[in-house]
Amino acid sequence: MEDKKSRALALDILMTAGKDAYLEDVLREELDRNSISRTDRAFITRLAEGVTERRITLDQLIGRFSRTPVEKLRPVIRQCLRMGTYQLIYMDHVPDHAAINETIKLVKERKLAGLSGFVNAVLRKISMWKKDDPEGMAAWIKETPEREFSTPAWIVRRLEEEYGQETARRILADQFVKKPLTLRVNSTKTSRDSVLAILRENGIEVEKGELSGQAVRVFRAENPSNLPGWQEGLFIVQDESSMLAVEAAEIAAGESVLDLCAAPGGKTTYAAELSGGRVVSRDIAPGKIRKIEENLARLGLRAETGTGDAAVFEPRFTDDEKKGIMDLVIADVPCSGLGVIGKKNDIKYRLRPEDPKSLAEQGGRILDTAAGYVKPGGRLLFSTCTILPEENRENTAAFISRHPGFRLEKEKQLLQGVDHCDGFYYAVLRRENAR
């Protein structure tokens with residue numbers, strides 16, 4: 001695929017990703033559907049992800065030289081300008097003339113030749129500023145955290161309030177850091193040392209994870225299904241933060257586990273691996289359940305799967321006296337996702353300031369439902385992939401106040417940019433034997 005076609009596909013991907021589709025999903029689908037070389041795949045990914053993660057910075061930069069406010073530009077012109085600007089500022093291997101000329105070609109291909117002069121003028125002014133005053137441009141970009149980290153001001157403010165300016169900057173900067181792919185080794189089939197040896201024998205750069213004894217970090221990996229050992233079920237993709245949460249629950253052999261909101265299945269498969277007993281996996285989306293089933297089959301693990309609303313009580317997980325029957329219930333509840341903005345670049349633009357509170361309330365309802373499934377002496381594992389207190393520790397405290405029969409045994413908040421993993425929270429709550 002020629003560069004110009006790569007840019008056209010990147011534009012299609014960016015135009016498709018929107019309110020109802022995350023870039024991550026659209027990008028994976030389009031790359032899998034098209035026959036693309038490794039080089040072109042890397043270019044398209046870098047361009048589409050880069051334009052998305054730097055959107056605020058790009059829009060403010062374009063706005064300096066556009067007489068028409070960026071938000072009033074035609075969507076395709078706005079995306080073309082973002083793509084051209086991103087190449088000019090963040091892709092040093094792309095010559096300025098190529099970034100500008102290929103963007104103009106895209107505009108003309110979309111039958112908007114009448115606007116090509118406007119696009120050309122804006123991009124050339126940006127290029128000239130970068131060339132004539134690079135220090136001035138760099139200082140302007142760093143003038144505000146919102147612009148420097150391309151993150152809405154209200155999110156920046158919240159992180160500074162909760163963690164202080166220095167830690168907030170580390171969290172925000174982490175979203176632009178290229179990270180290794182993290183795998184969890186399937187201990188029912190192999191060992192971490194064996195997986196490390198297999199991958200190294202195939203010329204793949206790997207290292208042991210730092211936080212979990214089952215974690216392997218793979219550098220410069222693309223599609224994990226192409227890794228040796230994938231089809232044999234030797235490992236699954238899972239962040240170390242998620243592994244730590246399951247390990248904190250201390251699942252014993254033969255214990256019964258119910259995983260609510262189970263997609264994408266990392267915790268379900270780990271529970272099945274550790275327990276070997278009854279494991280039940282639930283999610284509200286049928287498509288996500290099918291994915292969990294595929295992973296279970298590949299790994300050679302067993303779990304009862306099915307769709308279900310985690311906030312709707314299912315009496316089948318209680319006994320005749322209406323007491324819970326599960327040793328462990330996992331509730332990884334819906335959240336703002338601010339711990340994974342480096343992986344899901346467009347989350348930060350979709351969130352509104354009021355969303356964390358409403359998501360915390362939704363999570364609280366799921367926890368209340370989950371509590372009814374926990375047997376006396378059993379545990380409830382509550383987790384999220386966010387870093388805001390109202391969704392995490394405050395929700396845990398509120399839950400305990402509503403359910404005094406539970407006590408907090410473990411609690412941990414992990415921060416991206418500080419800990420070597422995603423931003424993540426977990427709490428292990430134990431139900432007293434008598435109630």
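Helices here are DSSP runs of at least four residues and strands are runs of at least two, both numbered from the N terminus. Keep that in mind as you work through this predicted model.

**Exercise 1.** Find where Thr-386 lies, and decide whether Thr-386 is buried or exposed.

*Solution.*
- Step 1: Look between strand S9 (374-384) and helix H17 (393-402); the loop there holds Thr-386.
- Step 2: Recall the cut-off, since buried means under 20% relative accessible area.
- Step 3: Thr-386 has 0% relative accessibility, so Thr-386 counts as buried.
- Step 4: Now check its surroundings. Leaving out residues up to four places away in sequence, Thr-386 touches several residues, including Cys-335, Leu-338, Gln-413, Phe-424 and Glu-391.
- Step 5: With Glu-391 there is also a side-chain polar contact of 3.3 Å.

**Exercise 2.** Describe the largest nonpolar core and name the helix that gives the largest share of this core.

*Solution.*
- Step 1: This core has 48 residues, and Ile-13, Leu-81 and Ile-126 are among those with the most contacts inside it.
- Step 2: Helices H1 (3-16), H5 (75-90) and H7 (116-132) are among the elements giving two or more residues to the core.
- Step 3: The largest share, nine residues, comes from H5.
- Step 4: Beyond its neighbours within four places in sequence, Ile-126 is in contact with residues including Leu-61, Phe-65, Leu-88 and Met-137.

**Exercise 3.** Decide how the chain compares with a globular protein of its length.

*Solution.*
- Step 1: Count the elements: 17 helices and 11 strands.
- Step 2: The radius of gyration is 24 Å, close to the 22 Å from the globule rule for 435 residues, so the chain is as compact as a globular protein of that length.
- Step 3: Buried residues make up 53% of the chain.

Terms used: Residues are numbered from 1 along each chain as its sequence is written. This is a predicted model: local features need pLDDT of at least 70, side-chain atom pairs count only at pLDDT 80 or more; totals for chains, interfaces and linings use all residues. Side-chain values use heavy atoms; hydrogens and water are left out. A nonpolar core is a set of buried Ala, Val, Leu, Ile, Met, Phe, Trp, Tyr and Cys residues joined through side-chain atoms within 4.5 Å. Buried means under 20% relative accessible area, exposed over 50%, partly exposed in between (1.4 Å probe, protein chains only). Contact means heavy atoms within 4.5 Å. A polar contact is a pair of N or O atoms within 3.5 Å; within protein, one must be able to donate a hydrogen and the other to accept it, and residues adjacent in sequence count only if both atoms are side-chain atoms. The radius of gyration is taken over C-alpha atoms; the globule rule is 2.2 Å times the number of residues to the power 0.38.
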